[in-house]
Amino acid sequence: MKRFILSVLSVIIFSNLLFAETASWFTAMEPGYFTKSGTLFNDAQGGVASNSLPMGSVVELSNPATGRSAVTTVIDTLPELPEGRELAVTEATANLLGMLDTGLADLKVSLIREGTIKEKTDLKNTGWYFFDLGLYTDTGTVSLLYSRLLDNDLRPYIEIEDGGVRLFARHVMAYQLEWAENRIALSGIEAPEPQPEINPYSL
């Protein structure tokens, strides 16, 4: 699945700040594109793609021209960009920054927290977790719960088994566990004990 970059970013890194000369936003050329973070791409959700920042990094993007800013997470890479073009935001993030109509903006990017583990490690110490939310025989129930999990900013996955469809919330970092348990409860599911999983960004 290909992506379409509406324009490009040239980024200079200095300490914990990145100064973007020209910023734009990107979208999928057709539905069904999965980001490198393992999530289904959604124009309506925040996010940023980067060739230099580790997956899961949290950044604050500021648009001096509009006085608007947004805190978002690195969810993807852009390997098809030429050298020197390092960053692009989703349509939703572009809207928050007030750059959706112009398509271009000079952004200041501040690194809040660098993404976690870059290599595969012992499964007990990855810092990543998933929740097994149970086996369901009613596909309508699975569809409803899946949608609720998405609405609550979680990353739902399904696996087809002989007895039905198993639902998961995956790719939860250690510091997000309490938040994820609350969001699962808001989705109408009793949160089970989290289980460790392989760092998704090292695969």
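The following legends describe close-up views of a predicted model.

**View 1. Strand β6 and its two antiparallel partners.**
Strand β6 spans residues 58-63, and five of its six residues are buried, so the strand is largely enclosed by the rest of the structure. With strand β7 (residues 68-76), β6 forms six bridges in the antiparallel sense. Strand β9 (residues 108-113) also pairs with β6 in the antiparallel sense, here over five bridges. Strands of a sheet pair through backbone hydrogen bonds, either parallel or antiparallel. V59 can be used to locate both pairings: T72 of β7 stands opposite V59, and L111 is the bridge partner of V59 in β9. Four residues lie between the strands in the hairpin of β6 and β7, where G67 takes a positive phi near 75°.

**View 2. S57 in the loop that precedes β6.**
S57 is located in the loop between β5 (48-50) and β6. Its relative accessibility is 0%, so S57 counts as buried. A polar atom of the S57 side chain lies 2.8 Å from the backbone oxygen of P54. When residues up to four places away in sequence are not counted, S57 touches T72, T73, V74, L111, R113, E114 and G115. Of these contacts, T72 is also the residue that stands opposite V59 in the pairing of β6 with β7, and L111 is also the bridge partner of V59 in β9.

**View 3. L53 in the loop between β5 and β6.**
L53 is placed in the loop between β5 and β6. L53 has a relative accessibility of 12% and therefore counts as buried, the cut-off being under 20%. Between L53 and L87 there are 9.1 Å in space, C-alpha to C-alpha, and the two residues are 34 apart in sequence.

**View 4. The largest nonpolar core, with a second core apart from it.**
The largest nonpolar core holds 17 residues, of which V59, V89 and M99 touch the most other members. The elements that contribute two or more residues to this core are β6, β7, β8 (87-89) and β9. Another core, of 15 residues, lies apart from it and has L145, L154, V165 and L177 among its members.

**View 5. The open four-stranded sheet.**
Four strands form an open sheet in the order β11-β12-β10-β13, with antiparallel pairing. Its edge strands, each pairing on one side only, are β11 (156-161) and β13 (195-196). Strand β12 is largely enclosed by the rest of the structure, because nine of its ten residues are buried. Strand β10 (residues 128-136) and strand β12 (residues 164-173) are joined in the antiparallel sense over six bridges. Within this pair, Y129 stands opposite V172 of β12, and Y136 has V165 as its bridge partner in β12.

**View 6. The hairpin of β11 and β12.**
Two residues form the connection in the hairpin that joins β11 to β12. The two strands pair in the antiparallel sense over six bridges. In this pairing I160 stands opposite V165 of β12. V165 is also the bridge partner of Y136 and is among the members of the 15-residue core.

**View 7. Helices α2 and α3 on the sheet.**
Helix α2 (residues 139-151) lies across β10, β11 and β12 and runs at about 160° to β11. Helix α3 (residues 177-186) packs on the sheet and touches β10 and β12, with its direction making about 20° with that of β10.

**View 8. The buried and exposed sides of helix α3.**
Which residues of α3 are buried? They are L177, A180 and I184. Seen down the axis of α3, these buried residues fall within an arc of 60° and so line one face of the helix. An α-helix has 3.6 residues a turn, so residues three or four places apart point the same way. The cover over the buried residues of α3 includes β10, α2 and β12. E178 and L186, on the other side of α3, are exposed. Just after the helix, G188 takes a positive phi of about 90°.

Definitions and conventions:
Residues are numbered from 1 along each chain as its sequence is written. This is a predicted model: local features need pLDDT of at least 70, side-chain atom pairs count only at pLDDT 80 or more; totals for chains, interfaces and linings use all residues. Side-chain values use heavy atoms; hydrogens and water are left out. Buried means under 20% relative accessible area, exposed over 50%, partly exposed in between (1.4 Å probe, protein chains only). Two strands pair if DSSP finds at least two bridges between them. A polar contact is a pair of N or O atoms within 3.5 Å; within protein, one must be able to donate a hydrogen and the other to accept it, and residues adjacent in sequence count only if both atoms are side-chain atoms. Contact means heavy atoms within 4.5 Å. Axes are lines fitted to C-alpha atoms, for helices over the stretch in contact, and angles run from 0 to 180 degrees between N-to-C directions. A nonpolar core is a set of buried Ala, Val, Leu, Ile, Met, Phe, Trp, Tyr and Cys residues joined through side-chain atoms within 4.5 Å. The arc is that of the directions from the helix axis to the C-beta atoms.
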